Amino acid sequence: MNVKYFYSFLAVLVLALIAWVGCDLLGLQVLFGVILPYIAVVVFLVGFFLRMMDWARSTVPFQIPTTAGQAKSLPWIKFNAIDSPFTTGGVVARMFFEVVTFRSLFRNTRMRVNPDGRISYDIELWLWLFALAFHYTFFVVILRHARFFLEPLPLPFEILEKIDTFVQIGQPVISMSSFALLGTVLFLFVRRVYLPNIRMISLASDFFPLFLIFGIVFTGIFMRYFAKIDVTAAKELTYGLVSFNLPSLAKMQGIGSIFYIHVFFVSVLLVYFPWSKLMHMGGIFLSPTRNMANNTRAVRHVNPWNYPVNVHTYEEYEDDFREKMIEAGLPVDKKE
Amino acid sequence: MNDKGKIIAGIIIFFVVATFPFWFNMFVEKTPAPELVLTAKAQAAKVCVRDTAFMKANHMQLLDEWRDTVVRKAERIYVNAEGKEFNMSLSNTCLDCHSNKAEFCDRCHQYASIEPYCWDCHIDNPKETK
C-alpha cells in the first residue's frame, strides 16, 4: 500500500464523512450549503488572483522558448511559425493550440530498451488522449451545471444538454460527459499507480485532486441516477446562492445529504485550487517556455537582473588615444 | 515580466466568465420557486402512487420502470406498498389526477430546465390540457 495515495484517499473519505455527519446528524445544511460555498468562491477568486500576480511579478531573466521546429533564419529556409514562433502572432497561435489541443503532450514519447540493447522511443498517446478527454468532459460537465444556476437557461446550454443526452438511455437520461469524466479520472489514477516510474514521482498532491474529482463525479452521478434528490429543491438552493435569494431552512433540509457531500467536495476543490498544481489552469499562459517568441537574434531580451555596468566603448577609447594612434599610424574612425 | 497589463486583463476576463451566474441573474428577472397546483381530484386522492417525497425525487425512474414493464412484459398492474393497484400508464393514471400538466408537471421541469421526452408521445391525451 502506497502511503501517498492511501492518505489522499483517506482525506477524501473523511471529507465525505464530515459533510455527511454535518448534514445528516447535526443539521448544518446552512454551513455546508451556503456559508462554505460562498467562502470557497471568494477564496478561489482571491487565491487565483494572488497566485497569478505572484507569477506576474516574477522575473524572466532569459528568453527560453522551447522550440520544436525550424527557427526563422535566412529567407530561403522555411521556418515553422507555430513551433518556433518568431512573432507575437505566432506565439498566440502556439499558445492557443497548446491550450486547446495539448500539443506538448501529443509529443509524449516512451523510451524502451530493445532485446538487442538498442534504445528506441515510441510515440505514447494514451496520456494525451485521456488528458484531453478529461479536460473537455470536465468542461462540459461544468457548463451543464449552468442549469442549476441560471433561470431562464440560455439557448447554448440547452443545446449542449441535448447533445450530451442524445442517447436517451434511462430516465433521467444519461449524460455521456459524466461517465466519460469518471472513466478518464480513473484512467489518470490507474496510470499513476500502475506505471512504476510514474508511481515513483507521484506525490500526495497528485493523488488528492484525482480522488477529490472522482468523489465529485461519483456523488454527482450517484445522486442523479441512484440516490435521487429533489432536483427542484436543489435548484432553489443553488439558484438562491447566485441570485442571493435563499430558500427556507426546511426546504434546504429536504435535499438529501448526498447533495451536500457533492457541494462540500466542490467547495474543497475550489479552496484547494489556487494553492495546488491545479493552478496550471492559469499558469499555462505564463509559461516562459511557451509564451515567448524565438527571436533572440532579432530582438534583444534584457534581463531585469542586470545591474548597470560602466562600459568603456571603442568610441571613448579612440577619443582617449586618438592622437597617439594617428602618430603610430593606426587607422581611426574619426579624424578630428 | 513586464506584461502585467496583459496578465491582469486575462485575469479579469476569466473572473467575468467565472462569475457569469452572479451577474447574469442580476440582469434577468428573478424566477420564484415553482408552486404546484393540485387539481380537485388530486387533492381528494391525497396520496399519489407512492409518498410525496418519493414521487418528487423518483417519479421519472418509476415511469421508466412502468414503461419497460408494460412494453416488454405486457404487465399493466402496479401494486404499491399499501397493496393498492394502479394501471401503469402516464396518460391514463398520472394525468388522470394531474390533468393540469402546465401547472403541475411543466413548472418544475421548466425551473430545472428539463425537457423530458415523455411528452414527445404522451401529448394527445384528451384529459391533459396543455
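A residue is buried if 20 or more other C-beta atoms lie within 10 Å of its own. By that cut-off, strand S1 of chain A has 0 buried residues among its 5, so the strand lies largely in the open. The model is predicted. This briefing covers the S1 hairpin, the contact between chains A and B, and the domains of chain B.

**Hairpin in chain A**

- S1(A) spans residues 109–113, and the number of its residues that are buried is 0.
- Its partner is strand S2 of chain A, residues 119–123.
- The two strands run antiparallel, joined by 5 bridges.
- At one of these pairings, A:Val113 has A:Ile119 of S2(A) as its bridge partner.
- Together S1(A) and S2(A) make a hairpin, with 5 residues between the strands.
- A:Gly117 sits in the turn and has a positive phi of about 95 degrees.

**Contact between chains A and B**

- On the chain A side, 28 residues are in contact with chain B; on the chain B side, 26 residues take part.
- Two or more residues each come from helix H2 (29–57) and helix H10 (231–243) of chain A.
- H10(A) gives the largest share of the chain A side, with 6 residues.
- By class, the chain A side that touches chain B holds 14 nonpolar residues, 7 polar and 7 charged.

**Domains of chain B**

- The domain assignment splits chain B into domain 1 (1–30) and domain 2 (34–120).
- Between the C-alpha centres of domain 1 and domain 2 of chain B, the distance is 43 Å.

Note on methods:
Residues are numbered from 1 along each chain as its sequence is written. Chains are lettered from A and ligands numbered from 1 in the order in which they are written. This is a predicted model: local features need pLDDT of at least 70, side-chain atom pairs count only at pLDDT 80 or more; totals for chains, interfaces and linings use all residues. Two residues are in contact if their C-beta atoms, placed from the backbone, lie within 7 Å. Helices (H or I, at least four residues) and strands (E, at least two) are DSSP runs, numbered from the N terminus. Ala, Val, Leu, Ile, Met, Phe, Trp, Tyr, Cys and Pro count as nonpolar, Asp, Glu, Lys and Arg as charged, and the others, Gly among them, as polar. A residue is buried if 20 or more other C-beta atoms lie within 10 Å of its own, exposed if 12 or fewer, and partly exposed in between; C-beta atoms are placed from the backbone. Two strands pair if DSSP finds at least two bridges between them. Domain bounds come from an automatic or database domain assignment.
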